[in-house]
Amino acid sequence: MVLVLAIGDLHIPHRAPDLPPKFKSMLVPGKIQHIICTGNLCVKEVHDYFKSLCPDLHVTRGEFDEDSRYPENKTLTIGQFKLGICHGHQVIPWGDLDSLAMLQRQLDVDILVTGHTHQFKAYKHEGGVVINPGSATGAYSSFTYDVNPSFVLMDIDGLRVVVYVYELIDGEVKVDKIDFKKTATTRSAQ
Amino acid sequence: MMLNGAEDEEKWLAEGIAGIQHNAFYMHRALDSNNLREALKYSAQMLSELRTSKLSPHKYYDLYMRAFDELRKLEIFFKDEGKHGVSVVDLYELVQHAGNILPRLYLLCTVGSVYIKSKEAPAKEVLKDLVEMCRGVQHPLRGLFLRSYLAQVSRDKLPDIGSEYEGDADTVMDAVEFVLQNFTEMNKLWVRMQHQGPGRLREKREKERNELRDLVGKNLHVLSQIEGVDLEMYKETVLPRVLEQVVNCKDDLSQYYLMDCIIQVFPDEYHLQTLETLLGACPQLQPTVDIKTVLSRLMDRLSNYAASSADVLPEFLQVEAFAKLSNAIGKVIEAQVDMPAVGAITLYVSLLTFTLRVHPDRLDYVDLVLGACVKKLSSIPKLDDSRATKQVVALLSAPLEKYNDIVTALTLSNYPRVMDHLDNGTNKVMAMVIIQSIMKNNTCISTVDKVEVLFELIKGLIKDTDGADVDELDEEDFKDEQNAVARLIHMLYNNEPEEMLKIICTVRKHTMAGGPKRLPFTVPSLVFSALRLIRQLQGQEGDIVGEEVPATPKKIFQLLNQIIEDLSNVPSPELALRLSLQCAEAANDCDLEHVAYEFFTQAFVLYEEEIADSKAQVTAIHLIIGTLQRMNVFGVENRDTLTHKATGYSARLLKKPDQCRAVYACSHLFWVDDQDGIKDGERVLLCLKRALRIANAAQQMANVARGSSGPVTLFVEILNKYLYFFEKGNQQITGAAIQGLIELINTEKQNDSATPDSASDAFLASTMRYIQFQRQKGGIMGEKFESIKL
């Protein structure tokens, strides 16, 4: 069991002052093995905070990030899965699943983690799974008027990944889970 | 010299101890053989060792304790009349024949103890006699120990109420009188020690005096333990008499110790009820007495007393404790002109702590304390003592901690005035403390007035203050400060749009004063705050006739325009561009075509004139394209103009691969996937073909440069775009066209004699897999994809 936190679009301090307290109390150091961050933190303070939760931190660049040295996209292998990260403002039309599928093919990954729209999505297509953890602070988005703070925790176990999405709705944390299995022979996640 | 002195003292002490042991031995023999005469002889000789002047208090105590132990045995002997055959009355007279006064008096006190126990005379009479007789010894050290002995043996024999030695009327008074007299005499002796010996040994004397202080203080402790001393008696007799001695002795060591002793030893309830008397003594003390510490300790005790139970609080109000303490402090500070700043401020901190504990709801009291502090701070030129600064910070932090709601602290009119007296560095630290308090408690600041006060308090962070040394500014610290302010802006909120707009304007006013260094940090928060307000207003209809022009999205967009303009002048073009595009999207949602167009114009100007870095340009153009793609408010003309610009700039990016990608991104500008969206298949294809041409050119250049083709990635990307529009139903893209593109890619791959690029190979492979997958789907999609012959 490998726990991977997928989180992003916090937009601290431009659009939000801080993570919701209920999320903060859930995110405890030592429990998570990897952190994947889609971008738009936006400041070093947030980077340091994530680092304190887990030293294996992967961040890609969002268009409002203070640190311009984050890569545009990144790939990494965790267990049997290849993961790709990209903030998503680079993929036009924004939020378009077919265009994201193209990026996924290009990066050749099983799971593509992307952000920008501040809307949680977990979508399976021919080429794999696209996951958008949404905005961890529920930050203002030109995409949608209705943003609930959310993040995703992936439990990678062999050829199976369970995606837990945590959403803060009306002050309460709601959890949902989705299962994905990967077949060993083909590249696609069925 | 010193070493010799210490060695000598050891020698004398040893001699004294030997003397005591020697005589004690013979005394014990006399006791065993019931020989009173001999017992008296040897005990007197033994006690003569205490006549020495050569020992320091510490060593004398050693000697005294040995004598004390021996006297206990003697007392037991005295008590047993059967053994020595002399009545206690006669014994009392007999011991007075001892040659030297000191042994005589020790013996007398010892017999006195037995006398009182025998009840053959009232306790008060014996005690009175003893306390008077002890006047015979005026040597400070010897006198103190003698009277201490008297206090020790009389301790359990005072004519208190309920004691077996209780006399008739006024019995408690007698007990009190005795202790008071002993105390008074002991204090006089103690003070006299100060003036013994040469001036250069003053420090040594003070040290020795300190070793003896508890002997004097013990009397006060005894007074507090007397059952019969109730509040009335304390108020009428005990306190006035004690204070009389304290004031009259005019000795700063004694005064400091005894004032503190009174405070620690007597109950807090008593202090409350005698506050005026107690405080009245303070100005009468020697100016060198550290009265502020005494007052601080008094206030601390009273604070704890208040905290112990809610029932006592009305008492505080009834005795007007706050007013009295406040006045007393004022008088002390006024009287002690040379008191350093740290002293005065520490006093105010104690008073504030007291006020917050005892009268937390009386904000006027809290403000008064701050005001008094301001007055004091105004009288000194500059606060440069770090301890004083620390105290001021403590003063300012106390209300924040007490009232978790910062809004309460904001109502204290003197709060900002205290802050003004801090040096720049500390002022900023305090400002950060305030911000952190707001963030921690999730406080919302919801009116313009409060926002103004808040910004007044944190003005050290918001702008460069006079005299601030800009060079000294640590970059990391500066960033932290500005980010804190940025976060704070989100806590300034009012549900009511008119008030919220006023708040936004107020924040703008203050942040503008921050200058170019600060704007990139603070403007984004302000902009998003305004955008949120616009969203809130979107639901609401029209103008209210006859009233002041209400907040409208249009008004706010105008404001935003100006704000972004200011930001771009910093210069901060990349950020300004991003914010312009955000505003454009918001204007789109409000159906304000003209406004949205203006923001796009602004963005393009920034792109054209300010953004020179090639990487920055790539991101910027993609942001423009992405935003434009989502616009549905534009009429054909406007849309065409903007689209034309976007494609133009895309094609002119510095590097060919970037050009290619931007251009094919532009293809989406001609195809919007929703119901009323534009779907211009021809122009899409034109874009893709243009992208293809650029990709070709890129290949040619790679050929020339490296002697082989570059990776075919760009072609595969374009292929994917063909597939995208093919799927969406763009008639202009045929299966044949896709086929052709695939063949082209394969050709290019073969021509690429360099090591094969696994990334682009994999990309192509997965793309082909996708095509297969679609074919196998069956239905319309399957049919469609069948037309691509592989």
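How many of the 22 residues of α9(B) are buried? In this predicted model, 17 of them are buried (under 20% relative accessible area with a 1.4 Å probe, protein chains only), and the helix is thus described as mostly covered. Helix α9 of chain B, a DSSP run of H or I with at least four residues, covers residues 171-192 and reaches 32 Å from its first C-alpha to its last, close to the 32 Å expected at 1.5 Å a residue. The expected span is 1.5 Å times one less than the number of residues.

Local features need pLDDT of at least 70 and side-chain atom pairs pLDDT 80 or more, while totals for chains, interfaces and linings use all residues. Residues are numbered from 1 along each chain, chains are lettered from A in the order in which they are written, and side-chain values use heavy atoms, without hydrogens and water.

Contact (heavy atoms within 4.5 Å) links 47 residues of chain B with 34 residues of chain A. The two chains bury about 3800 Å² between them, 55% of it on carbon and sulfur atoms; buried area is the accessible area (1.4 Å probe) lost on being put together, summed over both parts. In chain B, B:Arg487, B:Arg535 and B:Arg630 lose the most area to chain A, together 18% of what that side buries.

Across the interface, 3 salt bridges are found, defined by a side-chain nitrogen of Lys or Arg within 4 Å of a carboxyl oxygen of Asp or Glu. A salt bridge joins the side chains of A:Asp98 and B:Lys728, at 3.1 Å from N to O.

Definitions and conventions:
Helices (H or I, at least four residues) and strands (E, at least two) are DSSP runs, numbered from the N terminus. Buried means under 20% relative accessible area, exposed over 50%, partly exposed in between (1.4 Å probe, protein chains only).
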